Amino acid sequence: MNSRIKTTPRRTKPAKPSAAATPAPAGPGLRPTKILVPVDFSVCSRKALAYAFPLARQFHAAITLLHVVHVNYYAANSEYTTFDYPELIEETRRAGEIQLGDLARSVRKKCPVETVVQTGHPGNVIVDAAKNLGIDLIIISTHGHTGFKRAFLGSTAEHVVRY
């Protein structure tokens, strides 16, 4: 048996990008005016922020940067904790506010930006903030945990999508 595989010709030069860097306008269903971008200052969350800019410009939307200081309620309420957990949370919160302020200043040239720092379980806080702030669209990154890490730690992005 002689079978032949058809191949498609390769382009010698890569296709040139179109003049318009933003996507074509969406249908009547998607017109976000407030976009929430949760930020943990990782490379992944900065990529999510980079994806938010073209959408914010296209729809003349404002971006809300949200940083969540994760609180482990078991450690916070444990009598065996050897350090001042509430003070650690407050220091972490202050550091997050400074970093978020620096990030906001660096992106204000591109679109209107608001910052919010809250404490709690990241998935719950993101969902609650989206509801309370009247957010139309959430752009969130994931670190891609798999296997045991995902089974035991879960995924914040998955939690946000579910709720």
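I started at Glu114 and listed its contacts: skipping neighbours within four places in sequence, Glu114 touches Ile63, Thr64 and Leu65. Worth keeping in mind that I'm working on a predicted model.

Next I looked up where Glu114 sits, and it belongs to strand S3, residues 113-120. I also pulled one C-alpha distance: Glu114 and Ala62 are 52 residues apart along the chain, yet 7.7 Å separates their C-alpha atoms. Buried or exposed, or partly exposed, I wondered about Glu114. Its relative accessibility is 42%, so I logged Glu114 as partly exposed, given that exposed needs over 50% and buried under 20%.

Then on to helix H1, residues 43-59. I checked its length: 17 residues at 1.5 Å a residue should span 24 Å, and the end C-alpha atoms come out 25 Å apart, so the two agree.

Which residues of H1 are buried? I got Ser45, Ala48, Leu49, Ala52, Phe53, Ala56, Gln58 and Phe59. The spacing made me recall that an α-helix has 3.6 residues a turn, so residues three or four places apart point the same way. I asked what the buried residues of H1 pack against, and found strand S1 (34-38), strand S2 (62-70) and helix H3 (85-107). Just after H1 comes His60, and I noted its positive phi, near 55 degrees.

Last, the whole protein. I counted six helices and four strands, running β-α-β-α-α-β-α-β-α-α from the N terminus. Of the 163 residues, 31% are buried. For contacts with a separation of 6 or more, I have 74% coming from residues 24 or more positions apart. The exposed area is about 11,800 Å², with 56% of it from carbon and sulfur atoms.

Note on methods:
Residues are numbered from 1 along each chain as its sequence is written. This is a predicted model: local features need pLDDT of at least 70, side-chain atom pairs count only at pLDDT 80 or more; totals for chains, interfaces and linings use all residues. Side-chain values use heavy atoms; hydrogens and water are left out. Helices (H or I, at least four residues) and strands (E, at least two) are DSSP runs, numbered from the N terminus. The expected span of a helix is 1.5 Å times one less than its number of residues. Buried means under 20% relative accessible area, exposed over 50%, partly exposed in between (1.4 Å probe, protein chains only). Contact means heavy atoms within 4.5 Å. Accessible areas come from the Shrake-Rupley method with a 1.4 Å probe; for residues, only the protein chains shown count as cover.
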